Amino acid sequence: GRRNMSFRHVLIAHFGTVSSIRDENSPGFPGCYTPMVSPVVFENEGYKATECPTDDIWPCDGRPSSWPEQLMDFTKVCPV
């Protein structure tokens with residue numbers, strides 16, 4: 001099966017009211033830098049901060065050693 005992965009925060013702006021995965025219009029979508037957790041996304045595909053508190057990507061097991069250890073501050077490119 002497919003392995004779900006999630007980034008810690010929303011990094012794009014959503015325009016419109018229709019979701020590609022839900023049947024009804026949405027009253028709104030999360031803004032830039034909103035935590036990517038339920039109910040923003042489904043529970044099984046959301047970021048799990050308790051499992052990866054020092055990482056931006058979940059799941060964080062199997063991380064290549066070439067990746068940087070520190071978190072990135074995306075508020076500089078995606079203002080809150």
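**A walk through the predicted chain**

Met 5 has its place in the segment before strand E1, and in this predicted model it serves as a convenient point of entry. With a relative accessible area of 51%, Met 5 is exposed, because the limit for that class is over 50%. Even so, when residues up to four places away in sequence are not counted, Met 5 touches Ile 57, Trp 58 and Pro 59. The C-alpha atom of Met 5 is also separated by 6.7 Å from that of Glu 45, a residue 40 positions away along the chain.

Before following these contacts further, it helps to have the whole chain in view. The protein chain has 2 strands and 0 helices, and buried residues make up 21% of its 80 residues. Among the contacts with a separation of 6 or more, 52% are accounted for by residues that lie 24 or more positions apart. The accessible surface of the protein chain comes to about 6,000 Å², and carbon and sulfur atoms contribute 59% of that area.

The next residue to consider is Ser 6, which is found in strand E1, a strand covering residues 6–7. Ser 6 has a relative accessibility of 5% and therefore counts as buried, the limit being under 20%. Once its neighbours within four places in sequence are left aside, Ser 6 is in contact with Met 36, with Glu 45, Gly 46 and Tyr 47, and with Asp 56, Ile 57 and Trp 58. Two of the approaches made by its side chain can be given in atomic detail: the side chain of Ser 6 reaches the backbone oxygen of Glu 45 at 3.4 Å, and it reaches the backbone nitrogen of Tyr 47 at 3.3 Å. The C-alpha atoms of Ser 6 and Asn 44, which are 38 residues apart along the chain, are separated by 9.8 Å.

From Ser 6 the path leads to Arg 8, which lies in the loop between E1 and E2. Which residue pairs with Arg 8 in a salt bridge? The partner is Asp 56, and the closest N and O atoms of the two residues are 3.6 Å apart. This pair links distant parts of the chain, since Arg 8 and Asp 56 are 48 residues apart, although both belong to the loop between E1 and strand E2 (57–58). Side chains of opposite charge can pair when their charged atoms come close. By the rule applied here, the count comes to 1 salt bridge.

Are the two partners of this salt bridge buried or exposed? Arg 8 has a relative accessible area of 16% and is therefore buried, and Asp 56, at 9% relative accessibility, counts as buried too. The side chain of Arg 8 also makes a polar contact with the side chain of Tyr 47, at 2.6 Å. Tyr 47 and Asp 56 are thus partners of Arg 8, and both are also among the residues in contact with Ser 6.

Elsewhere in the loop between E1 and E2 lies Tyr 33, whose backbone deserves a separate look. Phi of Tyr 33 is near 75°, which is a positive value in a residue other than glycine.

On the far side of that loop, the model turns to Trp 58 and Pro 59. The peptide bond that runs from Trp 58 to Pro 59 is cis, with omega near -5°. Pro 59 is found in the segment after E2, and both Trp 58 and Pro 59 are among the residues that Met 5 touches.

The last feature is a covalent link between two cysteines. Cys 52 and Cys 60 form a disulfide in which the sulfur atoms are 2.1 Å apart, and the count comes to 1 disulfide by the rule used. What is the handedness of this disulfide? The torsion about the S-S bond of Cys 52 and Cys 60 is about -90°, so the disulfide is left-handed. The two cysteines fall into separate accessibility classes: Cys 52 is buried, with a relative accessible area of 2%, whereas Cys 60 is partly exposed, with a relative accessible area of 26%.

Conventions. Residues are numbered from 1 along each chain as its sequence is written. This is a predicted model: local features need pLDDT of at least 70, side-chain atom pairs count only at pLDDT 80 or more; totals for chains, interfaces and linings use all residues. Side-chain values use heavy atoms; hydrogens and water are left out. Helices (H or I, at least four residues) and strands (E, at least two) are DSSP runs, numbered from the N terminus. Buried means under 20% relative accessible area, exposed over 50%, partly exposed in between (1.4 Å probe, protein chains only). Contact means heavy atoms within 4.5 Å. Accessible areas come from the Shrake-Rupley method with a 1.4 Å probe; for residues, only the protein chains shown count as cover. A polar contact is a pair of N or O atoms within 3.5 Å; within protein, one must be able to donate a hydrogen and the other to accept it, and residues adjacent in sequence count only if both atoms are side-chain atoms. A disulfide is a pair of cysteine sulfur atoms within 2.5 Å. A salt bridge is a side-chain nitrogen of Lys or Arg within 4 Å of a carboxyl oxygen of Asp or Glu.
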